[in-house]
Amino acid sequence: MAYQPRSEFLKVMFERGFVADCTDYQALDDALLRGVVPAYIGYDATAASLHVGHLMNIMVLRWLQKTGHKPITLMGGGTTKVGDPSFRSEERPLLTSERIAENIAGLRKVFARYLSYGEGATDAVMLDNAEWLDHLNYLEFLRDIGRHFSVNRMLSFESVKSRLDREQSLSFLEFNYMILQAYDFLEIHRRYGCLLQMGGSDQWGNIVNGIDLTRRVMDGQIFGLTTPLLTTSDGRKMGKSASGAVWLNGDMLSAYEFWQFWRNTSDADVGRFLKIFTELPVAECDRLGALQGSEINEAKILLANLATALLHGEEAAQAAEATAREVFEKGGIGEDLPRILIAPEELADGFGIVQLFVRAGLAASGKDAKRLIAEGGARMNDEIVTDAGLRIGAGDLADPVKLTAGKKRHALVEIG
């Protein structure tokens, strides 16, 4: 990118690899230099936790605050009732208001780890778009807001076009989502003086919609900034591990498992991930990312420690590293490993080893577990499992049993 930013926030965004596109770099830079810029990212409450795939934009909000501006975390209490159709093959399941409220409470725990909320000029605020969406008058909304949207243009957005090109149904409910999201920007600008919406590059069409609507209704200058869709060096989407989603809430994924996710980073991703997911100086990220051989492993441990400390605290990061060293270097059990409890009645006829690996989250399915065993990658108490038909009884679990998948993923199984 030829543009050379002057504001501290945009400098950080460019240096650390957070920028995909912007509606007007120069004008946004000027606004950031003039004073505090309130900026928001929206999150629909479709689950009780965010996952690692959301972490890049959470770090954007954190840097926004650290450079003297005001982050707004918008909870989609209203839009979750509709569901974002972007790049999906089918309609999202509709959630009850009670479930949405529970999910928002879970998301709030995560944001509190990364942002400082309060009443000050640069303190973060959390909003819920149900505040203005739940009480809309449909006819007034159509007349005052709907008239500003061109269906022809909405159909041209890639997120919608890809769905229609595949001849997959797009309900009128979902089609309204982009109008509601655009209306969010208008309302947050009107009520809270918000000047900037940020999000992943897949949200570009929705962000531009909001900017166009706000300019038409209020004639104000506001901006959009997107981050790149992040994939690993081997093309995998961030947010998933071999055993499922890498959740940010500690009650859905332990600090040790979170630490282990980062420790397992591919060599080619270390420098880039240090820039995005830690606050280590850029030059040091580049130096560590260029290490070769066994030296890169220490850089991965630093990445795991720093990323885990931000979310779970320094003590949890140190405990995770200690457990990992005990398991990997000393062959120990590791008390902080994820624990899976098997009820005594489940052991009456023995518990299949294949199902045990699936229950422990070390295999995605029975087929995956059988493949792991066939390839010699499954271990029980550090002994290779060769029999996919093996059954575990109560006597086998008199003491906790350590299951291992490959070299780096472990879990403890015990009666409980």
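Q: What makes a pair of helices oblique in this predicted model?
A: Angles under 35 degrees count as roughly parallel, over 145 as roughly antiparallel, 65 to 115 as roughly perpendicular, and the rest as oblique. The model is predicted, with local features needing pLDDT of at least 70, side-chain atom pairs counting only at pLDDT 80 or more, and totals for chains, interfaces and linings using all residues. Residues are numbered from 1 along each chain as its sequence is written, and side-chain values use heavy atoms, without hydrogens and water.

Q: Why are helix 3 and helix 4 called oblique to each other?
A: The axes of helix 3 (residues 55-66) and helix 4 (residues 97-114) come within 10 Å and cross at roughly 50 degrees; helix 3 and helix 4 are therefore oblique to each other. The crossing is right-handed, the near helix being turned clockwise from the far one by less than a right angle.

Q: Which residues make the contact of helix 3 and helix 4?
A: Leu55, Ile58, Met59 and Arg62 of helix 3 and Val110, Phe111, Arg113 and Tyr114 of helix 4 make the contact (heavy atoms within 4.5 Å).

Q: Why is helix 13 called roughly parallel to helix 15?
A: The axes of helix 13 (residues 270-277) and helix 15 (residues 295-312) come within 10 Å and cross at roughly 20 degrees. Helix 13 is therefore roughly parallel to helix 15. Helix 13 passes helix 15 in a left-handed crossing.

Q: Which residues of helix 13 and helix 15 meet?
A: Val270, Phe273, Leu274 and Phe277 in helix 13 meet Ile296, Ala299, Lys300, Leu303, Ala307 and Leu310 in helix 15.

Notes
Axes fitted to C-alpha atoms, helices over the stretch in contact; angles between N-to-C directions. Helix = DSSP H or I, 4+ residues; strand = E, 2+ residues; numbered from the N terminus.
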